[in-house]
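Here's a quick tour of the model, starting from the inside and working out to the overall shape. Have a look at it first.

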Amino acid sequence: MKVLVFDLGGTLMQYTGMPYSWVDYYRQGFEAIMNTFNYNISPENINKSIQMLSDFNPRINYREIEYPPEFIFTKIFEQWHLNLSTQKCIKTFWKGLNLKAELYPDAVGVLKKLKEKGYIIATLTDLPSAMPDEFFKDDISELLSHFDFYMSSAISGYRKPNCKGLQMISEKFAIPMNKLIFIGDEEKDKKTALNANCKFIQIQRTARAAGSIKNLYDLLDILD
């Protein structure tokens, strides 16, 4: 049994036009809540909310522990004195960011070919900070049927480079963790593979480091 584990953002898909850190878009999400529910919040409270959400952003403050969106937003909304459901506000916040998910053009075709070759396909993805797993899965719905096992930071409870997610995948398929092959684009993906002592293949679609591949078609050549 050969198990391939794919990172998602930057590897199989992207949010078009979004940087690694989404802090500059937080105000847009909070304003969407205010406008949708006609809820007036002072500029000071908005700025404080942005700062609180930024403090949870692992691109700014390193963390491996994953916090549920409800935990993060409940803390933020304490100062708003909301009489609305936190779930509705979270949904409105993320809708307000107007995210556009885009699958890379080689993703589905290569996954199909790998399945035909007998590979088991799993994922290991860190969710955008404070994004519910079900929202992210909606954005990648076209990919889900090609996975034998979906693993995210929300499920494992840890973010990369912690290798807890890889450990759970290895247990799922009863294969030693060091026999997994992890494919990702970031340095933290590489560190995750090192922590798990498994093989890592780095994909870099723009600026390439030595030894990386430029697209998923190259992956087919490497695995063959």
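Start with the largest nonpolar core of this predicted model, which has 54 residues. Inside that core, the residues with the most contacts are F6, F30, F73, W80, W94 and L114. Helix 5 (residues 107-116) supplies the largest share, five residues. Another core, of 17 residues, lies apart from the largest one, and C163, F173, I175 and F182 are among its members. Grouping like this fits a general pattern: in soluble globular proteins, nonpolar side chains tend to be buried together.

F6 makes a handy place to zoom in. Leaving out residues up to four places away in sequence, F6 touches T11, L12, L111, L114, I121, A122, T123, L124, F182, I183, L216 and L219.

Now zoom out. The protein's secondary structure adds up to 11 helices and six strands. Its radius of gyration is 19 Å, close to the 17 Å from the globule rule for 224 residues, so the protein is as compact as a globular protein of that length. Along the principal axes, the C-alpha atoms fill a box of roughly 60 × 30 × 30 Å.

A few whole-protein values, side by side:

| Property | Value |
|---|---|
| Buried residues, of 224 residues | 51% |
| Contacts between residues 24 or more positions apart, of those with a separation of 6 or more | 68% |
| Accessible surface belonging to carbon and sulfur atoms, of about 11100 Å² | 49% |

What about charge: how many positive and negative side chains are there? The protein has 27 of each, and the centres of the two sets lie 3 Å apart.

Definitions and conventions. Residues are numbered from 1 along each chain as its sequence is written. This is a predicted model: local features need pLDDT of at least 70, side-chain atom pairs count only at pLDDT 80 or more; totals for chains, interfaces and linings use all residues. Side-chain values use heavy atoms; hydrogens and water are left out. Helices (H or I, at least four residues) and strands (E, at least two) are DSSP runs, numbered from the N terminus. The radius of gyration is taken over C-alpha atoms; the globule rule is 2.2 Å times the number of residues to the power 0.38. Buried means under 20% relative accessible area, exposed over 50%, partly exposed in between (1.4 Å probe, protein chains only). Contact means heavy atoms within 4.5 Å. Accessible areas come from the Shrake-Rupley method with a 1.4 Å probe; for residues, only the protein chains shown count as cover. Lys and Arg count as positive and Asp and Glu as negative; His and the chain ends are not counted. The place of a charge is taken as NZ of Lys, CZ of Arg, CG of Asp or CD of Glu. A nonpolar core is a set of buried Ala, Val, Leu, Ile, Met, Phe, Trp, Tyr and Cys residues joined through side-chain atoms within 4.5 Å.
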